[in-house]
Amino acid sequence: MSELRWHPLLGEWVATATDRQDRTFLPPPDFCPLCPTKPGGFPTEILELDYDIVVFENRFPSLSPHPPDPAVEGSDLYPVRPSFGECEVVVYTPNHSSTLAREPVEQIYKLVQVWTDRYRELSALELVDYVFIFENKGEAIGVTLHHPHGQIYAYPFVPPRILRELEQSKKHWDDTGNCLLCSILRQEGTDGRRIVAENASFLAYIPFFARYPYELHVTAKRHVLDLTDFDERERMDLASVLKQVLVSFDGLFDISFPYMMVLHQAPSNGENYDFYHFHIEFYPPLRTANKLKYLAGSETGAGMFINDTLAEEKAAELRLHVEPVAWRES
Ligand SMILES: [Zn+2]
Ligand SMILES: [Zn+2]
Ligand SMILES: [Zn+2]
């Protein structure tokens, strides 16, 4: 049973997906559904004995390509619609106990290629208006499987968080003639205090306006709208800067650092988004090694975040753990 229910107070869709209650919850390593199937062992999601990176449809999707009719009747006040869409799982590596941070940069580069392929294919679908690539990492975020993986949702609408960024970007474009992300890049680059890592194609920084203590953005230096715009050099530079950021996160408290990682790129609904600009945002839930940043009354009920740390200081902490990236000779 699943459908989209309209939230009239916020003007946005809420997905109900009740069979997700039954999904696998923190299985022991021998029963990990994302590991390769062992000879003679139980068949996992991935029936291969070995793989590099695999993508498959989520078995407990909140959106599906052939959704059932809504189980409830809608009304003028409460519209409902079928929960059309796609939910894919991207398994980063066959190595159960690895993390993206621990994978070699070459593997992260392959992941960038997989993201690009999936973005290209899903965004071409008629009913898909937005392709959203993300990773939830760590039990602090509610992850139910430890095996390193991310997800891709293809939505039949542009989701509200993205709409907000698009509106702000369009307003800046109309007011100043500049792209908002290009303006932010210039400001962060000139100031320099909040930069964590940088290469020829990307800048990684804790933005001036960070809402979480270790909120970090990775922005393309060239004005590009989505993954398919990148050339070979930029795909390699994206892998390098991600490796540096992830290693610095892990080094910070010497733990495998939890985070949400989200890719923000242009919608695929056929409209013009020349004013928008590719970037990745990380929202780590920790504010110290063992304290979580809670989304409490002000954050959840009013939408105003209170960040009791300084972006300049947090960036300096992370910079101490940034290491050079070594690519294998090929
Ligand atoms: Zn596994
Ligand atoms: Zn731009
Ligand atoms: Zn964004």
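Here a biologist and a modeller talk through the two zinc sites of this predicted model.

Modeller: A quick note on conventions: in this predicted model local features need pLDDT of at least 70, side-chain atom pairs count only at pLDDT 80 or more, and totals for chains, interfaces and linings use all residues. Residues are numbered from 1 along each chain as its sequence is written, chains are lettered from A and ligands numbered from 1 in written order, and side-chain values use heavy atoms, without hydrogens and water.

Biologist: Happy with that! What makes Cys32, Cys35, His96 and His147 donors of the zinc ion (ligand 1)?

Modeller: Donors are N, O and S atoms within 2.8 Å of the metal (3.2 Å for Na, K and Ca), and as water is not among the atoms, sites may look incomplete. The SG atoms of Cys32 and Cys35 and the ND1 atoms of His96 and His147 lie 2.0 to 2.3 Å from the zinc ion (ligand 1), so they qualify.

Biologist: Why is the arrangement around the zinc ion (ligand 1) called tetrahedral?

Modeller: Four donors count as tetrahedral if all angles lie between 85 and 135 degrees. Here the angles are 103 to 119 degrees, so the term fits.

Biologist: How do you know that His147 counts as buried?

Modeller: Buried means under 20% relative accessible area (1.4 Å probe, protein chains only). His147 has 1% relative accessibility, so it counts as buried.

Biologist: And what makes the site of the zinc ion (ligand 2) tetrahedral?

Modeller: Its four donor atoms make angles of 107 to 115 degrees, inside the tetrahedral range. Those donors are Cys179 (SG), Cys182 (SG), His223 (ND1) and His277 (ND1), at 2.0 to 2.3 Å. In sequence they are spaced C-x2-C-x40-H-x53-H.

How values were computed
Four donors count as tetrahedral if all angles lie between 85 and 135 degrees; four count as square planar and six as octahedral if opposite donors are over 155 degrees apart and all others between 65 and 115; anything else is irregular. Buried means under 20% relative accessible area, exposed over 50%, partly exposed in between (1.4 Å probe, protein chains only).
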